[in-house]
There are 2 protein chains.
Amino acid sequence: MRLNLNKIIITMQALKATLQKEGLRYTRQRQEIWNELRSSDEHRDAEEIFFTLRKRGLNISRATVYRTIDVLVKNNLLDKLDIGDGRARFEYNEKYFHHDHLVCTRCGKIFEFHNDNIEELQNEIAKQKNFKILHHNHQLFGICEDCQ
Amino acid sequence: MRLNLNKIIITMQALKATLQKEGLRYTRQRQEIWNELRSSDEHRDAEEIFFTLRKRGLNISRATVYRTIDVLVKNNLLDKLDIGDGRARFEYNEKYFHHDHLVCTRCGKIFEFHNDNIEELQNEIAKQKNFKILHHNHQLFGICEDCQ
DNA sequence: ATATTAATGAGACTTAATCTCAATAAAATA
DNA sequence: TATTTTATTGAGATTAAGTCTCATTAATAT
Ligand SMILES: [Mn+2]
Ligand SMILES: [Mn+2]
Ligand SMILES: [Zn+2]
Ligand SMILES: [Zn+2]
């Protein structure tokens, strides 16, 4: 309880701090969108956030959801995930816990993985080509255990 | 010359064989699209193929380009590449030469890499999670040598 | 040569995402 | 606190990749 509440306060201040740093305003809508995204560990798309907030009675617009998510991604509060189905997904970025994804093409479930060796090999490849990596996409598509 | 001609004939027969296997017809449009894609080593999108063939005087439709590319991808004559800019790219699939990509976010150039260790580590990750990999996406985004 | 049926072209449609602009609400100022 | 300033918002128009429809055309089987 207390811990949860603390966590919420901390992340709301992370939002406030980020907006301040960017010279942006701490609005009701931005709070609601951020709170919605950071309070779940799923990989959610903009449309879904929009409808969730609407159903909850908030008079919010699609445009605001997209605009806010952009700000959050640019400031590393959210990670953007592209699994090639035409909709971008977003997840709360627990800093220092980077991970990539396995995507089940049958049921759509998304699993996570992290492998230091792969990360290191990526760096070597880039170094060798004198390429400065900013970010990367790495997804394994296939059939999950349950679906086989 | 002779070699080139042979290669074209071979790949046209690859197309013919694939279409036959699938019970599909060997049409002018499918030949032109396949020829256009297989005769370049770039990463091209459907719209670009459409306009190239149009400029060349062929009365082809967008729908046919998309439909044909689908068939070619499903039959592994083409690889589909998604670099997250909203347009799918395609490249001639030289079988047994799988590779992944580095994408320069400044100039858009696409470089290729292949690393057996990474491929193997991917398999281990999947095995451990009892996940059956069908394909994967692996892109490194950043700034290329020329753009730094 | 003719019949059969898959493939095509044109353009309507879908869908995620972006843009526009008048109205609204944060925050700065008095 | 009231007022002013200006960023943000909501509604809906717009864009763009890709899909769908359906009458017409062309590849193949007979
Ligand atoms: Mn994740
Ligand atoms: Mn390539
Ligand atoms: Zn599954
Ligand atoms: Zn570059």
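**Conventions**

A residue is buried when its relative accessible area is under 20%, exposed when over 50%, and partly exposed in between (1.4 Å probe, protein chains only). By that scale B:Arg56 is exposed, with a relative accessible area of 54%.

This is a predicted model, in which local features need pLDDT of at least 70 and side-chain atom pairs count only at pLDDT 80 or more, whereas totals for chains, interfaces and linings use all residues. Residues are numbered from 1 along each chain as its sequence is written, chains are lettered from A and ligands numbered from 1 in the order in which they are written, and side-chain values use heavy atoms, with hydrogens and water left out.

**Symmetry of the two chains**

A turn of 180 degrees with a shift of 0.0 Å along the axis lays chain B on chain A with an RMSD of 0.0 Å (least-squares superposition on the C-alpha atoms of residues with pLDDT of at least 70 in both copies). This is the relation of a two-fold axis. The same surface serves both copies, since 100% of the contact residues of chain B recur in chain A (contact: heavy atoms within 4.5 Å). Among the residues of chain B, B:His138 comes closest to the rotation axis, its C-alpha lying at 2.2 Å.

**Manganese sites**

Donors are N, O and S atoms within 2.8 Å of the metal (3.2 Å for Na, K and Ca); water is not among the atoms, so sites may look incomplete. In chain A, the manganese ion (ligand 1) has as protein donors A:His43 (NE2), A:Glu91 (OE), A:Glu91 (OE), A:His99 (NE2), A:His101 (NE2) and A:Glu112 (OE), at 2.1 to 2.6 Å. The spacing of these donor residues in sequence is H-x47-E-x7-H-x1-H-x10-E. A:Glu91 belongs to strand S3 (residues 89-92) of chain A and A:His101 to strand S4 (residues 100-104) of chain A, so the pair ties together parts that are 10 residues apart in sequence (strands are DSSP runs of E, at least two residues; helices are runs of H or I, at least four; both are numbered from the N terminus). A:Glu91 is buried at 7% relative accessible area, and A:His101 is buried at 3%.

The manganese ion (ligand 2) is coordinated by B:His43 (NE2), B:Glu91 (OE), B:Glu91 (OE), B:His99 (NE2), B:His101 (NE2) and B:Glu112 (OE), at 2.1 to 2.6 Å. Its 6 donor atoms subtend angles of 53 to 171 degrees, which makes the arrangement irregular. Six donors would count as octahedral if opposite donors were over 155 degrees apart and all others between 65 and 115; four count as tetrahedral if all angles lie between 85 and 135 degrees, or as square planar by the rule given for six; anything else is irregular. Both B:His99 and B:His101 are buried.

**Salt bridges**

With a salt bridge taken as a side-chain nitrogen of Lys or Arg within 4 Å of a carboxyl oxygen of Asp or Glu, the count is 18 over all chains. In chain B, B:Arg87 and B:Asp45 pair at 3.1 Å, N to O. The two lie 42 residues apart, B:Arg87 in the loop between strand S2 (78-82) and strand S3 (88-92) and B:Asp45 in strand S1 (residues 44-45). B:Arg87 is partly exposed at 42%, whereas B:Asp45 is buried at 9%.

Salt bridges that share partners join A:Glu36, A:Arg44, A:Glu48 and A:Arg56 into one network. Within chain A, A:Glu36 and A:Arg44 meet at 2.9 Å, N to O; A:Glu36 is buried at 7% relative accessibility and A:Arg44 at 6%.
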